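Subject: Handover of a structure and the findings from it

Dear colleague,

Please find below the structure that I am handing over to you. My findings follow it, and I should be grateful if you would read them with the coordinates open.

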Amino acid sequence: MHIPNRRKFLSRLVAGAGLALLAGCDKLSHSKWFTEVLSSGESLSKNVHHLMANRKSMAQEFSEKDLSPDFRSNGTAMPNSAEYQSLANNDFADWKLEVGGLVEQPQTFTLEDLQALPSRTQITRHDCVEGWSAIGKWTGVPLHEILSHVKPLKRARYVMFYCADPMEDDGTQHYYESIDMNDAYHPQTMLAYQLNGKTLPIKNGAPIRLRVERQLGYKHAKYIMRIELVDKFDQIAGGKGGYWEDSGYEWYAGI
Ligand SMILES: Nc1nc2c(c(=O)[nH]1)N[C@H]1C(S)=C(S)[C@@H](COP(=O)(O)O)O[C@H]1N2
Ligand SMILES: [Mo]
């Protein structure tokens with residue numbers, strides 16, 4: 001059988017990509033040409049294609065008419081912390097987001113800084129494991145914009161989000177979450193500062209909350225105070241990468 005060169009090239013490329021992917025290498029999936037090769041669908045082994053397509057796929061987006069009349073709050077509705085409440089009393093003018101860890105250029109961003117960066121708006125469905133869903137319109141700064149400013153080191157594998165709300169009365173354990181670099185660079189992953197065209201309400205995570213659309217509700221960290229890039233999280237808090245994960249929820253809550 002005659003196999004054109006391009007086909008040969010592609011099948012070798014894809015075989016390699018499959019291995020890289022299984023080895024946890026995210027580099028290829030961030031490159032534009034690779035995504036284009038993938039979407040050509042040419043010569044792809046079914047398994048690799050399935051795996052990659054799922055990890056690159058967009059969550060469904062809806063239209064204004066689908067919006068839920070009220071986007072309910074779940075979990076914390078007002079962080080029980082003096083620091084947070086004084087920031088809130090001043091409309092978060094003094095709030096600063098620290099982004100550090102395994103990056104070349106740690107940086108802090110004010111809310112104004114974040115709002116000055118390119119923004120994105122999307123209407124998506126939020127699914128909570130407690131059995132409710134809501135459709136909301138989110139506006140925010142794509143996380144990849146932030147990452148392009150701080151420049152993650154090659155060994156960074158996860159993005160940690162540390163939140164303002166204490167989860168125990170003694171104030172030691174705060175809500176936190178983590179995602180991998182694949183979700184971090186996904187076009188729909190954002191730090192949202194608006195819900196349904198208005199300033200994000202406190203009950204939904206002001207001043208910013210994560211939207212990571214292909215994942216269940218508990219991954220969408222609200223009240224984010226600090227972001228840290230790490231290569232592992234087994235030494236952080238309960239070691240499972242998130243507040244609910246530490247008590248048994250799946251770390252990977254996506255498709
Ligand atoms: N900081 C923080 N983030 C959080 C939570 C929380 O209690 N604290 N609850 C999570 C859960 S279980 C869900 S379903 C969503 C709820 O978001 P909402 O309050 O905007 O509905 O936020 C998630 N992020
Ligand atoms: Mo949830």
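A residue is called buried here when its relative accessible area is under 20%. The model is a predicted one, and every statement below should be read with that in mind.

Helix H6 is a convenient place to apply the term. This helix covers residues 143-150, and its buried members are Leu143, Glu145, Ile146, Leu147 and Val150. An α-helix has 3.6 residues a turn, so residues three or four places apart point the same way. Serine 148 also has its place in H6, but this residue counts as partly exposed because its relative accessibility is 46%, and buried means under 20% whereas exposed means over 50%. The C-alpha atom of serine 148 is separated by 9.9 Å from that of tyrosine 185, which is 37 residues away along the chain. After H6 comes lysine 151, with a positive phi near 55°.

As to the protein as a whole, its secondary structure comprises 7 helices and 10 strands. The protein has 255 residues, of which 47% count as buried. Its accessible surface comes to about 13100 Å², and carbon and sulfur atoms account for 51% of that area. Among contacts with a separation of 6 or more, 68% are between residues 24 or more positions apart.

Turning to the interior, the largest nonpolar core holds 50 residues, and those touching the most other members are Leu97, Phe161, Leu191, Ile227 and Leu229. The largest share of this core comes from E5, with 7 residues. A second, separate core has 9 residues, including Cys128, Trp132, Ala192 and Leu195. What surrounds leucine 191, once its neighbours within four places in sequence are left aside? Its contacts are Leu97, Gly140, Val141, Leu143, Ile146, Phe161, Ile208, Arg209, Leu210, Ile224 and Ile227. Two of these contacts, Leu143 and Ile146, are among the buried residues of H6.

Two further positions deserve mention. Threonine 139 is found in strand E4, residues 132-142. Threonine 139 counts as buried because its relative accessibility is 9%. Not counting residues up to four places away in sequence, threonine 139 touches Ser119, Arg120, Thr121, Met190, Ala192, Tyr193 and Gln194; of these, Ala192 is a member of the second core.

Glycine 242 lies in the segment after strand E10 (224-230). Its relative accessibility is 0%, so glycine 242 counts as buried. Beyond its neighbours within four places in sequence, glycine 242 is in contact with Tyr176 and Glu177. Tyrosine 218 is 24 residues from glycine 242 along the chain, and their C-alpha atoms are separated by 8.9 Å.

Finally, the second largest pocket may be of interest to you. Its volume is about 350 Å³. The pocket is lined by 26 residues, and the closest to its centre are Asn74, Gly75, Tyr175, Gly217 and Lys222. Strand E3 (120-128) and strand E5 (158-166) are the elements that give two or more residues to the lining. Sorted by class, this lining consists of 12 nonpolar, 8 polar and 6 charged residues. Strand E5 thus appears in two places in this account: in the lining of the pocket and in the largest nonpolar core.

With kind regards

Notes:
Residues are numbered from 1 along each chain as its sequence is written. Chains are lettered from A and ligands numbered from 1 in the order in which they are written. This is a predicted model: local features need pLDDT of at least 70, side-chain atom pairs count only at pLDDT 80 or more; totals for chains, interfaces and linings use all residues. Side-chain values use heavy atoms; hydrogens and water are left out. On a 1 Å grid over the protein atoms alone, a cavity is a set of points where a 1.4 Å probe fits but cannot get out, and a pocket is an open set with protein on both sides within 12 Å along at least five of seven lines; lining residues have an atom within 4 Å of a point. Grid points are joined across faces, edges and corners, and a volume is the space filled by probe spheres set on the points. Helices (H or I, at least four residues) and strands (E, at least two) are DSSP runs, numbered from the N terminus. Ala, Val, Leu, Ile, Met, Phe, Trp, Tyr, Cys and Pro count as nonpolar, Asp, Glu, Lys and Arg as charged, and the others, Gly among them, as polar. Buried means under 20% relative accessible area, exposed over 50%, partly exposed in between (1.4 Å probe, protein chains only). Contact means heavy atoms within 4.5 Å. Accessible areas come from the Shrake-Rupley method with a 1.4 Å probe; for residues, only the protein chains shown count as cover. A nonpolar core is a set of buried Ala, Val, Leu, Ile, Met, Phe, Trp, Tyr and Cys residues joined through side-chain atoms within 4.5 Å.
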